[in-house]
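Open your viewer, switch to the cartoon display and keep the sequence panel beside it. We will make a few stops, and at each one you can select the residues as you read.

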Amino acid sequence: MADPTTQSNYLQIASEHVSLDWSLDFDTQIISGSATHHLLVKEGGVKEVVFDTSELDLLDAKIDGKSVPFDLKEKHEVMGSALHVSLPSGLKSGQYIDVTIDYKTTSECLALQWLDKAQTQGKTFPFLFSQCQPIYARAVAPLQDSPSVKISYSAKVTSIFPVLLSAIRQSPSSTGPVHDGKVVGKDPVTYSYHQPVPIPSYLIAIAAGNVHYRAFPKFEDKEWTCGIWAEPELIESAYWEFSEDTARFLAAEEKIVTPYKFGVYDLLVLPPSFPYGGMENACLSFLTPTLVTGDRSLVDVVVHELTHSWFGNGVTHANASHFWLNEGWTTYIERVLQQHLYTPAHRDFSFIIGAKALKNALEEFESEPKYQRLVIDFELGEDPDTAYGSIPYEKGANLILHLERTLGGLDVFLPYVKDYVSTFIGKCITTEEWKDHLYGYWEKHGGPEKIKALDSVDWDAWFYGEGQHLPVELKYDTSLVEAVYALASQWDASRSTSDITQLQFGESDLKDFDSNQIIAFIERLQSYAPLPLTHVQHLGTLYKFATTPNAEIRFRFYELALVDAKSDSAKAFATDAVNWIVGADSPSGLIVGRMKFCRPIFRAVFKVDQDLAIRTWNSKKDAFHPVAKKLIDKDLKVN
């Protein structure tokens, strides 16, 4: 089946390489230039190539330097406008042809966010960054915007600010003077990049602003390099946060799967409006600044993003219906790495934390049960962002964990994982192709006994099942949460004590807990009946949950306070919660743009006080990423 989110004719003629020539204008907030596609004819006699576009200003189409007819079709609300470019007659299957499109981006571009200087850490220079997943690359360039089309790319980008791309920099040197020694914000410099490994279009990424680079120490005898980019105001703290573990994580991952093939693995800490925790752009993972906590407690997000180098960037889902192959596998392997780096209990503890996120997501889609499925049959032109949530991550990871246990345990299962990656790396696959390989591998390496084990799996329930529960109730090692749950139980039992001065809790209660255990503690409290306002206030003050710089913990605290929309606690903390998201309680005024936090908070406050939620959102929404704006507008029924 063709990808239901693209209008391109990639089954007839497919792009294999795109050369980008861009100029960045921070005054008009426009990227202008060209995209030249090197296309392989798959079907002889094809008369046109069709590209996906969204809100682009198309100027010209050329073949061999000569203008050719093109037609921009009427805009589809989700898929954008199909660009049809006429091709010469008589093209034969296997033949190559180059097509160049001259164009500009526009102010309606969903993939790009142009930040003014007040929205950055340094508050001195503006900033630009992209977010192309799942189907927004077409708003940056005319592309066959489907994960089924893998392309290599090269780029020359001229800018008055340093430029980063999801590729290997050719010039100027990353380790040389900032902006090639020219004046940042004044002098134009042309940055050259090359991405030799074919990637899906959603991994094309750009960032530009006053960013500095620090290389991480070389790890053992590895040929790949690692380092970090950030604004100068954040570069030292970001380097400290990630320098100790990133290369170690990457090297450990290679032992589990296959060698890292992208050559460079850098991190970029973005301004606060970045809508995700991380984005696995090839060679350059984008990270939210909420991970820079000063205690390295959230660096495991890097494990998830670098794992995508194999699962997603390497072995890629064919289309949005099979997105779980990216995220389910990545989440599973991320947790295998937890076991290799720490203990088996740490691995299971991550599944316990994930179970709460899965429960929330399944409840969120209770009225749209189709999106509770692992494999979603998207209709043509349906927005894949509608289904975005924890389900493909957690349900997918639990399916693979179930297979691991069914087939004989981790040591038996890991050789299969290596074979899976080796077989499909560089390719795009569907769930059925994955399952066929699974059966083929175990038939060869296990025979009838393993096939019988696989046949015992309720595949339809896992792939297409709806509802609030997994098809199999999986058990996890709870040793890391026993003390956590005991403390939560004590708080639950204390609810009848109205005088909080009589409570026996102290700040030292948490001294032996790490951040994830604190998160588990708060989430355990959410499983009980809502605590009285006095207790929630005491909890927030005693343990500093209401003011902590750790966004994961603060978010869980507000979730706890807002869990019952009619409670005194929800009414008392609703304003604090939205003020935290929009930066009204921070001297810097910087927002919390990560959708993991801002969407649930606004949804929860909307249930408490619709006017407060809408009024606060409308006053600050333009500071958020366009994708976040679109989705929160929908959540709050705005427009």
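Before you start, note that this is a predicted model.

**Stop 1: helix α13 and its surroundings**

Select helices α11 (482–493), α12 (515–526), α14 (551–562) and α15: they are among what covers the buried residues of α13. Now add α13 itself, residues 533–542. Which of its residues are buried? They are His535, Val536, His538, Leu539, Gly540 and Leu542. Just after this helix, click on lysine 544, which takes a positive phi of about 60 degrees.

**Stop 2: from α15 to α16**

Keep α15 (residues 568–582) selected and add α16 (residues 595–608). The two helices pack at an angle of about 145 degrees, and their axes are 10 Å apart. Their crossing is left-handed. To see the contact, show the side chains of Ala570, Lys571, Ala574, Ala577, Val578, Trp580, Ile581 and Val582 on α15, together with Phe597, Cys598, Ile601, Phe602, Val605 and Val608 on α16. How many of these contact residues are nonpolar, polar and charged? There are 13 nonpolar, no polar and 1 charged.

**Stop 3: the nonpolar cores**

Stay with α16 for a moment, since we now turn to the core. The largest nonpolar core has 212 residues, and α16 gives the most to it, with 9 residues. Phe242, Trp329, Tyr420, Trp434 and Phe521 have the most contacts inside this core. Pick tryptophan 329 and look at what is around it: leaving aside neighbours within four places in sequence, it is in contact with Phe311, Trp324, Ile400, Phe413, Tyr416, Val417, Tyr420 and Trp434. There is also a second, separate core of 10 residues, including Ala320, Ala361, Ala387 and Ile391.

**Stop 4: another helix pair**

Next, select α4 (residues 324–341) and α5 (residues 344–364). Their axes come within 6 Å and cross at roughly 145 degrees, and this crossing is right-handed. On α4, the contact is made by Tyr332, Arg335, Val336, Gln338 and Gln339; on α5, by Pro344, His346, Arg347, Ser350, Phe351 and Gly354. Sorted by class, this contact has 4 nonpolar, 5 polar and 2 charged residues.

**Stop 5: an enclosed strand**

Now select strand β18, residues 264–269. Why is this strand largely enclosed by the rest of the structure? Because 6 of its 6 residues are buried. In a regular strand the side chains alternate between the two faces of the sheet. Colour Val264, Asp266 and Leu268 one way and Tyr265, Leu267 and Val269 another to see the two sides of β18, both of them covered.

Add the partner strands too. β17 (residues 225–230) pairs with β18 in the parallel sense over 5 bridges, and β20 (residues 284–287) is joined to β18 in parallel by 4 bridges. Zoom in on leucine 268: tryptophan 229 stands opposite it, and its bridge partner in β20 is phenylalanine 286.

**Stop 6: a three-stranded sheet**

For the last stop, select β3, β7 and β6, which form an open sheet in that order, with antiparallel pairing. β3 (48–53) and β6 (70–72) stand at the edges with a single partner strand each, so one side of each has no neighbour in the sheet. On average, neighbouring strands here are turned by 20 degrees against each other, direction ignored. Finish on β3 and β7 (residues 81–86), which are joined by 6 bridges; one pair to click on is valine 49 and its bridge partner in β7, valine 85.

Conventions. Residues are numbered from 1 along each chain as its sequence is written. This is a predicted model: local features need pLDDT of at least 70, side-chain atom pairs count only at pLDDT 80 or more; totals for chains, interfaces and linings use all residues. Side-chain values use heavy atoms; hydrogens and water are left out. Axes are lines fitted to C-alpha atoms, for helices over the stretch in contact, and angles run from 0 to 180 degrees between N-to-C directions. A crossing is left-handed if the near helix is turned anticlockwise from the far one by less than a right angle, and right-handed if clockwise. Contact means heavy atoms within 4.5 Å. Ala, Val, Leu, Ile, Met, Phe, Trp, Tyr, Cys and Pro count as nonpolar, Asp, Glu, Lys and Arg as charged, and the others, Gly among them, as polar. Two strands pair if DSSP finds at least two bridges between them. Buried means under 20% relative accessible area, exposed over 50%, partly exposed in between (1.4 Å probe, protein chains only). A nonpolar core is a set of buried Ala, Val, Leu, Ile, Met, Phe, Trp, Tyr and Cys residues joined through side-chain atoms within 4.5 Å.
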